[in-house]
Amino acid sequence: MEKVKNYLQTFPYAAVLPVQPLQYRPTERGVDVTFLRKKTKEKGSMDGGIVITVVESTANECFSEEGEEEGKKLLLCLTVQRNATGQTVPKMFSEKIVVTEMLKRFDQNQDDLGVRVESVFHRWM
């Protein structure tokens, strides 16, 4: 899990959207990406963003007929949430580009990260 967190915290978010000013701050569970704009009297400098977290859990999916556990599978749950705080114009396209590129590169680096993506659940709001 530490490799995945490190991957998320060092991902080149700014390179994916070179025109969009942004900052990203590592957190204990992942990373906060904040879109920025020029501060005015009416608006602050924050223009929304995305919060990316990863948590782990175990799933007992393999049991013998007697109900004894044969194996445990470690699951990582990667969650990306919109942060619309401060947005006057929705940044859904920018958010989608960042998330799509991050997942594409994550998929390409599965072996290096020591993980295997089995499923992706996507709910676009």
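These are my notebook entries on a predicted model of one protein chain.

**Entry 1: the overall layout**

I started with the secondary structure. The protein chain has four helices and four strands. Reading from the N terminus, I get the order α-α-β-β-β-β-α-α. Next I looked up burial: of the 125 residues in the chain, 30% are buried. For the surface, I noted about 8,800 Å² exposed, with carbon and sulfur atoms supplying 52% of that area. I also checked how far along the sequence the contacts reach. Taking contacts between residues at least 6 apart in sequence, 47% join residues at least 24 apart.

**Entry 2: H1 against H3**

How do helix H1 and helix H3 pack, in angle and axis distance? H1 covers residues 2-10 and H3 covers residues 92-108. Their angle is about 140 degrees, and the axes lie 12 Å apart. At that angle H1 counts as oblique to H3, because the roughly antiparallel class takes angles over 145 degrees. The crossing of H1 past H3 is right-handed.

Then I listed who makes the contact. From H1 it is Val4, Tyr7 and Leu8, and from H3 it is Met102, Arg105 and Phe106. Sorted by type, the contact of H1 with H3 has five nonpolar residues, no polar ones and one charged.

**Entry 3: Asn109, just after H3**

Tyr7 made me look at Asn109 too. Asn109 sits in the loop between H3 and helix H4, residues 110-113. C-alpha to C-alpha, Asn109 and Tyr7 are 9.4 Å apart in space, although 102 residues separate them in sequence. Is Asn109 buried or partly exposed? Its relative accessibility is 25%, so Asn109 counts as partly exposed; the buried class stops under 20%.

**Entry 4: two residues of S3**

Strand S3 runs over residues 46-63, and Thr53 lies in it. I looked up the accessibility of Thr53 and got 17%, so Thr53 counts as buried. Which residues does Thr53 contact, leaving aside its neighbours within four places in sequence? I found Arg29, Gly30, Cys77, Leu78 and Thr79. Of these, Gly30 belongs to strand S2, residues 30-36, while Cys77, Leu78 and Thr79 fall in strand S4, residues 69-83.

Ser57 is in S3 as well. Its relative accessible area is 39%, so I put Ser57 down as partly exposed. I also checked Ser57 against Leu74: they are 17 residues apart along the chain, and their C-alpha atoms are separated by 6.0 Å.

**Entry 5: Thr34 and Thr85**

Thr34 is found in strand S2. With 14% relative accessibility, Thr34 goes in the buried column. Not counting residues up to four places away in sequence, Thr34 touches Pro21, Leu22, Gln23, Met46, Gly48 and Gly49.

Where does Thr85 sit? Thr85 lies in the loop between S4 and H3. Leaving aside its neighbours within four places in sequence, I find Thr85 in contact with Met46, Asp47 and Gly48. Met46 and Gly48 were on the list for Thr34 too. I then took the C-alpha distance from Thr85 to Thr34, which is 9.6 Å for two residues 51 apart along the chain.

How values were computed. Residues numbered from 1 in each chain as written. Predicted model: local features only at pLDDT ≥ 70, side-chain atom pairs only at ≥ 80, totals over all residues. Heavy atoms only, no water. Helix = DSSP H or I, 4+ residues; strand = E, 2+ residues; numbered from the N terminus. Buried < 20%, exposed > 50% of the residue type's maximum accessible area, 1.4 Å probe, protein only. Contact = heavy atoms within 4.5 Å. Areas by Shrake-Rupley, 256 points an atom, 1.4 Å probe, with all protein chains shown as cover. Axes fitted to C-alpha atoms, helices over the stretch in contact; angles between N-to-C directions. Parallel < 35°, antiparallel > 145°, perpendicular 65-115°, else oblique. Left-handed = near helix turned anticlockwise from the far one by under 90°. Nonpolar A, V, L, I, M, F, W, Y, C, P; charged D, E, K, R; others polar.
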